Amino acid sequence: MLATSPAAFGQQGFFRPGYLVLATAPADTLRGEVDLYRAGRTQAQVQFRSQPQGPARTYDLSEVRATGDESGLRYRRCEVPRGDTKVLAMLQVLVAGPASLYQDPTGKLPATFYLDKPGQAPMPLKREQFVQVLQTTFADCPTATTTVAYMGRYLYAASELRRYVVNYNRCRYPRATVQSAYIAPIKEQVRWGAQVGVARLSIYYPYTDREEPTTGPLTPTFGLLTTLPLTNHLAFNTGFTHSSFRSADTFARPVIGTDYIRTYRYQTKGSVVRWPLAVRVTLRRPETVWRPYVQGGIQMSYILGSRLRMQTSYPDPNTPLRSVSITESMNGLGRGLHGEAGLLFRYRQALLGAGFRAESTNGYPVRGRSYLNDFDQLTFALTYYR
């Protein structure tokens, strides 16, 4: 059986017992030690030596028809379409049989996977059209299209495509020899992300005796995040986010016991650093392109460089009361809750995320702890995870 493992992909300058099938006549098979690192990562080249510790020779694409080593890693030279022409490429063999499945290990070809049948050249399986290609290819074995799909849907992943092709070979060519590389299903991994977005902050001033918050304009926000998976659908999400804020509010109110009107003006600016700790639930399997998610948890926040300016004035110039202007600062820690919902989009090895996050933070001190302001924030952010 063919086999694929991380170790087989990460061996730089590491020779293993293997073989090399020459492309030139006669198509001899050379046996010795091969190093397949270049064939799988950088360019279509294979290093071969006939004896351990002996001199090595580099074979390029024009000289090699097929190669493999004892780990089960196999490559085959194939002619594949690129635009209006065809090019030679060294493809990794995932399934070898009457119907064979290949993968481009370099990521430089138009498609990630290729499929062939007897008498046919490898055809590309691009993500946006692979279902139609599979259904057309498997049309001569109807059960293949009804038994291999997961919940009636095909998934664009090496482990799933391998299963489809193996089942088709068993159905259409039951006596043929089929070799199949074991490929573990995709599992969630620890990811680091960078985030940018816009946020709108609402501030509740308790000393104004008003229930309505003061809402500022949209301001930029950014962050560094990490996701620590527990399962393929459950993970911890944490990191740091930074957002700036500013607001201005003016309102008038009569002075109790007089005929005078007092005008209040509040101007606030600053920035907030938050440390969220959330549990994320992601729907659908990791192989799928679009995956909705929801998350919720607690957070700690710290205000940086804040200024709170409070002014009172009187429109009647004959008012005997004095106008007052006070500048304070908000500082210290706030605590709160947050919730988020959005979508994750798989792009090659990365994840792109887009989501809305609602945050509520209580207890920012003003004048020591004479007053405590509360913040609500709504954020739309884009995240890039690796």
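A residue counts as buried here when its relative accessible area is under 20%. Keep that cut-off in mind as we walk through this predicted model.

**Start with the whole chain.** Show everything as a cartoon: the protein chain has five helices and 21 strands. Of its 386 residues, 45% count as buried. If you turn on a surface, the chain exposes about 20,100 Å², with carbon and sulfur atoms supplying 56% of that area.

**Next, select residues 158–172.** This is helix H5, with 15 residues. From the first C-alpha to the last, H5 reaches 21 Å, close to the 21 Å expected at 1.5 Å a residue. Now show its side chains. Which residues of H5 are buried? They are Ala 158, Ser 159, Glu 160, Leu 161, Arg 162, Tyr 164, Val 165, Val 166, Tyr 168 and Asn 169.

**Move into the largest nonpolar core.** It holds 22 residues, and you can pick out Leu 101, Phe 113, Leu 125, Leu 134 and Leu 161 as those touching the most other members. Strand E7 (85–96), strand E9 (113–116), helix H3 (130–137) and H5 each give two or more residues to this core. H5 gives the most, with six.

**Zoom in on Leu 101.** Leaving aside residues up to four places away in sequence, Leu 101 touches Gln 92, Val 93, Leu 94 and Val 95, then Phe 113, Tyr 114 and Leu 125. On H5, look for its contacts with Leu 161, Arg 162 and Val 165.

**Last stop: another core.** Select Leu 36, Leu 61, Val 64 and Met 90, which are among the 13 residues of a second, separate core.

Technical notes: Residues numbered from 1 in each chain as written. Predicted model: local features only at pLDDT ≥ 70, side-chain atom pairs only at ≥ 80, totals over all residues. Heavy atoms only, no water. Helix = DSSP H or I, 4+ residues; strand = E, 2+ residues; numbered from the N terminus. Expected span 1.5 Å × (residues − 1). Buried < 20%, exposed > 50% of the residue type's maximum accessible area, 1.4 Å probe, protein only. Core = buried A, V, L, I, M, F, W, Y, C linked by side-chain atoms within 4.5 Å. Contact = heavy atoms within 4.5 Å. Areas by Shrake-Rupley, 256 points an atom, 1.4 Å probe, with all protein chains shown as cover.
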